[in-house]
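Me: I would like to go through the fold of one protein chain with you, with each term pinned to its cut-offs.

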Amino acid sequence: MKHPQKVVNLERYPIQDLGTPAARRLIKACRSDLDETAICTLNGFIRPDVIDEMAREAQALAEDGYKNCNLRTPYGWMRNKDFPQDHPRSALFTNSNNVVLTHQFPGNTLIERLYQWDPLTDFVREALGIKTLYRSACPHLSLMLSAMGEGDGLGWHFDTNDGVVSLLLQAPDDGGLFECAPYIRSEADENYDTVKRLFADEPGIAVRPDITPGAFVLFKGRRSCHRVTSVGRTSKPRMIALLSYDEQPGMVFPQTTVKDLMDPSPEPYHGQPG
Ligand SMILES: [Fe+2]
């Protein structure tokens with residue numbers, strides 16, 4: 001079994017000792033990327049000689065994953081009733097993928113060992129510029145895989161929280177591209193006019209960051225609308241790993257969130273009820 005130090009390209013991304021000048025430069029660059037573009041992409045984070053093995057492990061697990069396909073509002077944390085039909089708050093987009101939850105991992109895969117490696121958690125904390133960060137204690141959603149085959153994709157949406165960490169393990173032959181509109185909304189200004197033009201696929205609003213298999217991606221999605229375009233004809237699924245953290249120890253996701261993934265409702269999700 002490979003140690004995480006043999007998994008991460010530490011010559012390029014020296015995260016094992018965050019006190020070195022090279023590590024401080026890396027952290028500074030990550031923070032400035034996040035501030036300016038809402039996304040920090042470290043291509044080649046996983047060593048090229050390891051990424052195929054990681055992807056193979058993930059793809060094998062995804063065969064027993066939970067299939068999700070439903071319509072969702074981009075504004076999942078809000079109450080979205082009573083808006084005109086052409087308003088962004090009334091929009092619904094299709095989410096379709098196959099997810100592997102934490103309890104489905106066998107305990108010895110490369111991605112599990114990497115997630116449990118403390119220097120990675122410390123690096124994420126530093127890149128986010130926060131004082132404390134802990135791996136989620138959730139037995140179901142702390143570490144997840146998302147697989148997307150032909151026709152799968154993730155519609156435009158905002159995340160509930162900033163600081164989502166993902167690793168692209170495998171890219172499909174066609175489509176399955178991450179697109180985002182950095183900081184398109186704020187807590188003070190929803191900027192609905194621009195969001196509406198984004199949903200109408202007007203060019204020049206969203207960007208498509210260059211993310212290649214083996215990339216580490218840190219993203220601030222609460223104010224940055226984003227999607228994964230539909231996967232086209234492909235010999236292999238798009239595979240990502242999602243790593244969850246929290247500023248407090250012992251964080252577990254609500255049971256409803258877990259249930260939504262293990263036993264998804266066929267009904268469209270319009271946001272918070274009431
Ligand atoms: Fe998201």
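The questions and replies below go from the whole chain to single elements.

Me: What kind of model is this, and how many helices and strands are there in the protein chain?

Reply: This is a predicted model, in which local features need pLDDT of at least 70 and side-chain atom pairs count only at pLDDT 80 or more, while totals for chains, interfaces and linings use all residues. Residues are numbered from 1 along each chain as its sequence is written. Helices (H or I, at least four residues) and strands (E, at least two) are DSSP runs, numbered from the N terminus. On that basis the protein chain holds six helices and twelve strands.

Me: Why can the protein chain be called as compact as a globular protein of that length?

Reply: The radius of gyration is taken over C-alpha atoms, and the globule rule is 2.2 Å times the number of residues to the power 0.38. For 274 residues that rule gives 19 Å, and the chain is as compact as a globular protein of that length because its radius of gyration is close to this, at 18 Å.

Me: Which share of the contacts with a separation of 6 or more comes from residues 24 or more positions apart?

Reply: Two residues are in contact if their C-beta atoms, placed from the backbone, lie within 7 Å. Among the contacts in the protein chain with a separation of 6 or more, the share from residues 24 or more positions apart is 86%.

Me: Where do the buried residues of helix α4 lie, seen down its axis?

Reply: A residue is buried if 20 or more other C-beta atoms lie within 10 Å of its own, exposed if 12 or fewer, and partly exposed in between, with C-beta atoms placed from the backbone. In α4, which spans residues 118–128, the buried residues are L120, F123, V124, A127 and L128. Their arc, that of the directions from the helix axis to the C-beta atoms, is within 130°, so they line one face of the helix.

Me: What covers the buried residues of α4?

Reply: The cover includes both helices and strands. Among them are α1 (21–37), α3 (110–115), β1 (39–42), β7 (164–170), β9 (216–219) and β12 (245–246).

Me: Which strand is joined to β5 by six bridges?

Reply: Strand β5 (residues 143–148) has six of its six residues buried, with L143, L145 and A147 on one side and M144, S146 and M148 on the other. Two strands pair if DSSP finds at least two bridges between them, and β3 (residues 93–100) runs antiparallel to β5 over three bridges, with V100 opposite L145. The strand that is joined to β5 by six bridges, also antiparallel, and that supplies L243 as the bridge partner of L143, is β11.

Me: Which residue of β10 is the bridge partner of A181?

Reply: In β10, C225 and R227 point one way and H226 and V228 the other way, and all are buried. Strand β6 (residues 153–157) is antiparallel to β10 over two bridges, and H157 stands opposite H226. Strand β8 (residues 178–181) pairs with β10 in the antiparallel sense over four bridges, and there the partner of A181 is C225.

Me: Is S230 buried or partly exposed?

Reply: S230 sits in the loop between β10 (225–228) and β11 (238–243), where it touches G151, G153 and G175, not counting residues up to four places away in sequence. Because S230 has 18 C-beta neighbours inside 10 Å, it counts as partly exposed.
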